[in-house]
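Biologist: I would be grateful for a close look at one part of this model, followed by an account of what surrounds the part in the description. Please proceed element by element and indicate how far the prediction may be read.

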Amino acid sequence: MLTVGVLVLPGSRAFDLSVVGEVWAVPRTDSGVPPFEVRVCAPGRVATPLQPLGAVPATHGLSGLRGCDLVVVPGRVDPFAEVPGSAVRALRAVDGMVAALCSGAFTLAEAGMLDGRAATTHWRLLDDLERRAPKATVLRDVLFADEGDVLTSAGVVGGLDLCLHLVRRAHGADVAAALARRLVMPPTREGGQRQYVDPPLPHRAGRGGLSSTVDWAVARLAEPIGVADLAGHAGLSERTFHRAFLAATGSTPGRWLQAQRVLLAQRLLETTDLTVHRVAERSGLGTAANLRRRLRAELGVAPDAYRRTFRVPTAS
């Protein structure tokens, strides 16, 4: 039996606690998943408020973390909230593995447990984590980071990927696959896959003179249009258009156009049965080889793998 301790602090994310509960606290021996002992550990062994709602009663105080094979540190809605000194000392005394979900990486940073290690967190907090843990190597485009005894995950669902990875490490691929089937999720998304976030580029340019050109381009992504065509539609020279587009969107026209084509390819892979070649044509990426190259560059996976993970079921 694996003993899992959960460090709960005020403002811990209810979702992260639910992930721990679904993976380790629900009996699933009928699916070949062994039983686990879960300890909910909080300073003072008191009920702890969660965010955005609810509270969780503690089964143990911080001493309950001692002897655990694994300690899970959920994220907190405020990643910069104070970490009690007693919690820092308890974490440093853990003999087993420690895994932080999402912004829980900041709790480990406070304890100095990320120094000299690779770590990750939710993509919106990566810059903050670099400042909070300057001696860590912050990985910016992975689902989770496994440093052996200290592990961290990207935001939200990345925590579930990390938890399944830990089950696979402890009990093997068959047990992890059985658990994934019960959770109705892919059994394996490797940590090196990139966090699936849309490029931070606005769909519509902020200035009225460019918004019609943006809409015109989005409706014609399958066509061989380029920056010169965008500038021509806007009635500007390429140099002037480039400068105006960058000021309005924060992106170059070429980068924006490429990102829109990748997004369209993602949607087609998610919602249609088109072949990879046809998806490449419909999204304006031209060839299947170029689609594979662009998707690997942007997301770290091949089109077929992306489709298996994100395919939207059709009503029967």
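Modeller: Three strands, in the order β2-β4-β5, make up an open sheet whose pairing is mixed. The edges are taken by β2 (12–13) and β5 (55–56); each has a single partner strand, so one side of each lacks a neighbour in the sheet. The model is a predicted one, and the details that follow should be taken in that sense.

Within this sheet, β4 (residues 48–51) and β5 run antiparallel and are joined by 2 bridges. One residue pair can be named here: Thr48 has Val56 in β5 as its bridge partner. The loop between β4 and β5 holds Pro52, and the peptide bond that leads from Gln51 to Pro52 is cis, with an omega near 10°. The loop between β3 and β4 also deserves attention, for Arg45 is found there. Although Arg45 is not a glycine, its phi is positive, at about 50°.

Strand β3 leads to a second sheet. This one is also open and consists of 6 strands in the order β3-β1-β6-β7-β11-β10, with mixed pairing. Its edge strands are β3 (36–41) and β10 (144–146), each of which pairs on one side only. On average, neighbouring strands of this sheet are turned by 15° against each other, direction ignored. Inside the sheet, β6 (residues 70–73) and β7 (residues 97–100) pair in the parallel sense over 4 bridges, and Leu70 stands opposite Met97 in β7.

Two helix pairs complete the picture. Two packed helices are described by the angle between their axes and the distance between the axes. For α1 (residues 14–25) and α5 (residues 157–171), the axes come within 10 Å and cross at roughly 30°. An angle under 35 degrees counts as roughly parallel, and α1 and α5 are therefore roughly parallel to each other. The crossing of α1 past α5 is right-handed. From α1, the residues Phe15, Val19, Val23 and Trp24 meet Val157, Gly159, Leu160, Cys163, Leu166 and Val167 of α5. By class, this contact of α1 with α5 comprises 9 nonpolar residues, 1 polar residue and no charged ones.

The second pair is α10 (residues 253–271) with α12 (residues 288–299), whose axes come within 11 Å and cross at roughly 100°. That angle makes α10 roughly perpendicular to α12. On the α10 side, Arg255, Gln258, Val262, Ala265, Gln266 and Leu269 take part, and they meet Leu291, Arg294, Leu295, Glu298 and Leu299 in α12. The contact of α10 with α12 has 6 nonpolar, 2 polar and 3 charged residues.

There remains the matter of confidence. The protein averages a pLDDT of 86, and 89% of its residues score at least 70. Confidence is highest in helix α3 (residues 105–110), with a mean of 98, and lowest in helix α6 (residues 173–183), with a mean of 76. Over residues 197–208, however, the pLDDT is below 50, although this stretch has 27 contacts in the model beyond near neighbours in sequence. Where pLDDT is low, the predicted coordinates should not be read in detail.

Methods:
Residues numbered from 1 in each chain as written. Predicted model: local features only at pLDDT ≥ 70, side-chain atom pairs only at ≥ 80, totals over all residues. Heavy atoms only, no water. Pairing = 2+ DSSP bridges. Axes fitted to C-alpha atoms, helices over the stretch in contact; angles between N-to-C directions. Parallel < 35°, antiparallel > 145°, perpendicular 65-115°, else oblique. Contact = heavy atoms within 4.5 Å. Nonpolar A, V, L, I, M, F, W, Y, C, P; charged D, E, K, R; others polar. Left-handed = near helix turned anticlockwise from the far one by under 90°. pLDDT = per-residue confidence, 0-100.
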